[in-house]
There are 2 protein chains.
Amino acid sequence: MIFEDVLKNIVERSDGVLGAVIMGMDGISIGEQLVDPGCTIQTVGIEYALAIKSIQKASKSLSAGLVQEVFINTQNNIFILRLITDDYFIAVAMVPEGNHGKTRYLMRLSVPSLLKEFE
Amino acid sequence: MIFEDVLKNIVERSDGVLGAVIMGMDGISIGEQLVDPGCTIQTVGIEYALAIKSIQKASKSLSAGLVQEVFINTQNNIFILRLITDDYFIAVAMVPEGNHGKTRYLMRLSVPSLLKEFE
């Protein structure tokens, strides 16, 4: 399945990923890959879906165009959200010392093939 | 004034910054530096303050610890938000091709001296 394959590619080629999910803004997951079994990646997606909506609203009123990526750095984690369409996104949770540059790159590269699935 | 000096340092040593502001979560600015006179940096801060609150709420429920940085990539801009305390943040707007790695670094470095002002 394309969704699982894309996530598997991101997770396996990255350093420090805990889990990855493809999710709709409604909080419904359409694929996930867990590296750390303790990672609640579904909850990560659901919680940040609300944040993405708030960022989309802000960006619209700033005429900044479509939101493509949101990167969140907290004390304990890094979260990377990459929009596929306005309604679907990939969320990745990482350890803070992970190589997020590479993960961001792999996530960006995966968008065109995912986009085809939503056409 | 420390706030203006810190922002001036970030803006002058970065490539591609349009404007920078230090703002409270209540949307009240306590300092700003504009590079592009057309940059509505106050509005950027006000709009994204709401998004930060939503991210703080999500991160709290994920036990991810305090939010330190939010990086937003849109079609037309890059926005970097660096939390100073839970109630104050620096917001920087950039052109998409700007060197955001250096700007993020300069913003991170500026936090300790700003923190002293809020003690």
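## A tour of the A–B pair

Start with both chains on screen: turn chain A by 180 degrees, with 0.0 Å of shift along the rotation axis, and it superposes on chain B at an RMSD of 0.0 Å. That is how copies related by a two-fold axis behave. Keep in mind as you click around that this is a predicted model.

To find the axis, select Phe71(A). Of the residues of chain A, Phe71(A) comes closest to the rotation axis, with its C-alpha at 2.4 Å. Both copies use the same surface here, and 100% of the contact residues of chain A recur in chain B.

**Next stop: the whole interface.** Select the residues where the two chains touch. You should have 31 residues of chain A in contact with 31 residues of chain B. Between them, the chains bury about 2,500 Å², and 54% of that is on carbon and sulfur atoms. Now highlight Leu62(A), Asn73(A) and Gln75(A): in chain A these lose the most area to chain B, together 21% of what that side buries.

What about charge pairing across the interface? Salt bridges between chain A and chain B come to zero. Polar contacts are another matter: 19 residue pairs make them between the chains, counting pairs with both residues at pLDDT 80 or more.

**Color by secondary structure.** On the side of chain A that touches chain B, helix 2 (41-61), strand 3 (67-74) and helix 3 (100-117) each supply at least two residues. Which of the elements gives the most? Helix 2 of chain A does, with eleven residues. Switch to coloring by residue type and this side of chain A splits into 14 nonpolar, 14 polar and three charged residues.

**Zoom in on strand 3.** Select residues 67-74 in chain B along with strand 3 of chain A. The two strands run antiparallel, joined by seven bridges. For a spot to check the register, pick Thr74(A) and look across: Val67(B), in strand 3 of chain B, stands opposite.

**Last stop: a salt bridge inside chain A.** Stay on strand 3 of chain A and show the side chain of Glu69(A), then add Arg82(A). These two form a salt bridge, with their closest N and O atoms 4.0 Å apart. The pair ties together distant parts of the chain, since Glu69(A) sits in strand 3 and Arg82(A) in strand 4 (residues 78-83), 13 residues apart. If you want to go hunting for others, the structure holds four salt bridges over all chains.

Technical notes:
Residues numbered from 1 in each chain as written. Chains lettered and ligands numbered in written order. Predicted model: local features only at pLDDT ≥ 70, side-chain atom pairs only at ≥ 80, totals over all residues. Heavy atoms only, no water. Contact = heavy atoms within 4.5 Å. Buried area = accessible area lost by both parts, 1.4 Å probe. Polar contact = N/O pair within 3.5 Å; in protein donor to acceptor, adjacent residues only side chain to side chain. Helix = DSSP H or I, 4+ residues; strand = E, 2+ residues; numbered from the N terminus. Nonpolar A, V, L, I, M, F, W, Y, C, P; charged D, E, K, R; others polar. Pairing = 2+ DSSP bridges. Least-squares fit on C-alpha atoms with pLDDT ≥ 70 in both.
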